[in-house]
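Trainee: Please take me through a close look at one loop of this model and the parts it leads to. I am new to the structure and would like one connected account.

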Amino acid sequence: MSSESTDDPVFKALAHHRRREILDLLKDGPRTTGTLCEMFPEMDRCTVMQHLKVLEEADLVIARKEGRERWNHLNSLPIKHIYDRWISTYAGHSLSILDRLKGDLEGQPE
């Protein structure tokens with residue numbers, strides 16, 4: 001059995017700022033690979049494609065070929081899974097601590 005978690009590819013994909021920028025662009029709707037390449041003039045097409053490959057391997061991007069164009073669609077379910085597993089659990093704990101602190105401070109005489 002592999003020691004690699006199923007979340008590891010998602011964390012790897014989200015670790016690079018360019019991949020997060022690509023996801024931000026796809027949040028507004030699907031885009032062709034050509035359009036994404038134009039939006040990052042400082043990177044060559046091969047580099048953009050490598051970033052897209054990492055995003056696809058993490059299941060964050062779903063690519064569909066339509067004629068000569070390759071459309072990239074955001075799949076936000078892996079991010080929701082990360083949120084449900086990690087962020088919401090810890091956020092709830094933090095909120096309970098803040099609520100308790102607020103109660104303690106409000107109960108103090110001035």
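**The loop at Asp-59 and its surroundings**

Mentor: Asp-59 is located in the loop that runs between α4 and β2 (61-66); helices (H or I, at least four residues) and strands (E, at least two) are DSSP runs, numbered from the N terminus. The model is a predicted one, in which local features need pLDDT of at least 70 and side-chain atom pairs count only at pLDDT 80 or more, while totals for chains, interfaces and linings use all residues. Residues are numbered from 1 along each chain as its sequence is written, and side-chain values use heavy atoms, with hydrogens and water left out.

The phi of Asp-59 is near 65 degrees, a positive value in a residue other than glycine. Most residues other than glycine have a negative phi. Asp-59 counts as partly exposed because its relative accessibility is 40%; buried means under 20% relative accessible area, exposed over 50%, and partly exposed in between (1.4 Å probe, protein chains only).

Asp-59 is one of the residues touched by Asn-75, together with Leu-60 and Ile-62, when residues up to four places away in sequence are not counted; contact means heavy atoms within 4.5 Å. Asn-75 belongs to another loop, between β3 (69-74) and α5 (77-106). Its relative accessibility is 12%, so Asn-75 counts as buried. The side chain of Asn-75 also reaches the backbone nitrogen of Leu-77, at 3.4 Å.

Leu-60 leads from this region into the interior. The largest nonpolar core has 18 residues, and Leu-60 is among those that touch the most other members, with Ile-22, Leu-36, Val-48 and Leu-55. Such a core is a set of buried Ala, Val, Leu, Ile, Met, Phe, Trp, Tyr and Cys residues joined through side-chain atoms within 4.5 Å. Two or more residues of this core come from each of α1 (8-14), α2 (17-27), α3 (33-39) and α4 (45-57).

Leu-36 links this core to the strands: beyond its neighbours within four places in sequence, its contacts include Ile-22, Val-48, Arg-31 and Asn-72. Arg-31 stands opposite Asn-72 in β3, and β1 and β3 pair in the antiparallel sense over two bridges; pairing requires that DSSP finds at least two bridges between two strands.

The strand that follows the Asp-59 loop, β2, takes part in an open sheet of three strands in the order β1-β3-β2, with antiparallel pairing. The edge strands are β1 (31-32) and β2, each pairing on one side only.

Technical notes. A polar contact is a pair of N or O atoms within 3.5 Å; within protein, one must be able to donate a hydrogen and the other to accept it, and residues adjacent in sequence count only if both atoms are side-chain atoms.
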